Structure formats: structure tokens, C-alpha cells
Amino acid sequence: MSEKKHRVSRRQFLNYTLTGVGGFMAAGILSPMVRFALDPILKEEAGQDMVAVAQVKDITTEPQRFDFKVKVKDAWYESEEPRSAWVFKDEKGDIVALSPICKHLGCTVNWNGEKSNPNRFFCPCHYGLYEKDGTNVPNTPPPAPLDRYEYEVKDGTLYLGKAKPRGEA
């Protein structure tokens, strides 16, 4: 008598079988779609290559703006993105490459952009000021110094990498 209580009816068997087969089919259909959607997020970000920007002989103690393009991969889309850098040699003769992006709201800074503040970087959006070395002037809107580009010199050519905030290695 206890066998009859634990037996599975034909209707229950078909229900369990169809549910199991349907679940396997759904998993087979959905797993490639989920993988396609999540794959770019799970991949490690490739390090940005160094890009040739200028000849070292052309760099002076006066900041000069150099424009260049960087290859960028955003998920499946690859493009070239325009970038700029303010490049000059400091008192020691070392090369300094600063990002032109203001740390306040992301506007573009200019060298000697305001006559009342000579020899400084000036942000016209909210009158932000930076010293020549990229440090922010106290009591002006920028909360932090300009980012510095990683750089290297090979065969007399300056190559720039990624711009990093001060203090980051």
C-alpha cells in the first residue's frame, strides 16, 4: 500500500520531464546571450600604448600644446580619440606633460589664457588657475592639480601614455 502513495503518475512524470527539458533548452538559448552581454565587462582593460607626440628638440621651457590620437576600445567598438597635452621642460631640463583637462568641471585649460594672470594655466569656465607645474592655485575653483601624462623618450621622440592624477604611481 505504501508503494501506491509514492508512485509518480503519468501526468506528473510528463510534467517533470517537460519542465526539465524546457529548462535545459532555455539555458542553452540564454547562455550565449548572457555571455555576449557580460564578456566586455569581464575582460581586463588593455594598457594604453605609448603614442608618439613630438620631437624632444622642439620642446622648450614654454608650455606648448600638442594634439595626438589614441586608439580606444569600448566594448566591441574601436575608435581613435583625440587628446591634447601641454608639454615643456622644467628648470632641471626634465620633460613635463600635463593634461589640459581642468579638475573642477572638465573644461580645457589654456596657457597664458588670461592677461591678468600671466604664466599660469587658465580655465575660462569658472576662472580656475594653475601654476606652470600644474598645481592648483589656492582659493580658485580647481580642487586638485592637473593630471600628468606618463612619458618616455626614444630616439629623440616623446611618447605619451595615460594621464594620471598626482601621487599615483
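Let's start with two residues. Phe68 is buried, and Tyr149 is buried too. Keep in mind that this is a predicted model.

These two rings form an aromatic pair. Their centres are 5.9 Å apart, and the planes meet at 70 degrees. That makes the pair edge-to-face. Now look at where the rings sit. Phe68 is in strand S2, residues 64-74. Tyr149 is in strand S8, residues 148-154. So the pair ties together parts that are 81 residues apart in sequence.

How many aromatic pairs does the structure hold? It holds four. Ring pairs also join Trp86, Trp111 and Phe121 into a cluster. And one ring has a charge over it. The charged end of Lys154 sits over the ring of Tyr159, 5.9 Å from the ring centre.

Next, the nonpolar cores. A general point for the newcomers: in soluble globular proteins, nonpolar side chains tend to be buried together. Here, the largest nonpolar core has 15 residues. Which residues have the most contacts inside it? They are Phe68, Val87 and Leu160. So Phe68, from our opening pair, turns up again. Five strands give two or more residues each to this core: S1 (51-55), S2, S3 (77-89), S4 (95-98) and S9 (157-164).

Stay with Leu160 for a moment. Leaving out residues up to four places away in sequence, Leu160 touches a list of residues that includes Val53, Phe68, Ala85, Ala97 and Tyr149. Both members of our opening pair are on that list.

Apart from the largest core lies another one, of twelve residues. Among them are Trp86, Val109, Trp111 and Cys123. Trp86 and Trp111 also belong to the ring cluster.

Now a sheet. Three strands form an open sheet, in the order S5-S6-S7, with antiparallel pairing. Which strands are at the edges? They are S5 (110-111) and S7 (128-130), and each pairs on one side only. Strand S6, residues 121-123, pairs with S7 over three bridges. In S7, Tyr130 is the bridge partner of Phe121.

Finally, step back to the whole protein. It has two helices and nine strands. From the N terminus, both helices come before the strands. What is the radius of gyration? It is 29 Å, while a compact globule of 169 residues would have one near 15 Å. The C-alpha atoms fill a box of roughly 100 × 40 × 25 Å along the principal axes. Buried residues make up 25% of the 169 residues.

Terms used: Residues numbered from 1 in each chain as written. Predicted model: local features only at pLDDT ≥ 70, side-chain atom pairs only at ≥ 80, totals over all residues. Heavy atoms only, no water. Phe/Tyr/Trp six-rings, centres within 6.5 Å; stacked < 30°, edge-to-face > 60°. Helix = DSSP H or I, 4+ residues; strand = E, 2+ residues; numbered from the N terminus. Buried < 20%, exposed > 50% of the residue type's maximum accessible area, 1.4 Å probe, protein only. Lys NZ or Arg CZ within 6 Å of the ring centre and 35° of its normal. Core = buried A, V, L, I, M, F, W, Y, C linked by side-chain atoms within 4.5 Å. Contact = heavy atoms within 4.5 Å. Pairing = 2+ DSSP bridges. Rg over C-alpha atoms; globule rule 2.2 N^0.38 Å.
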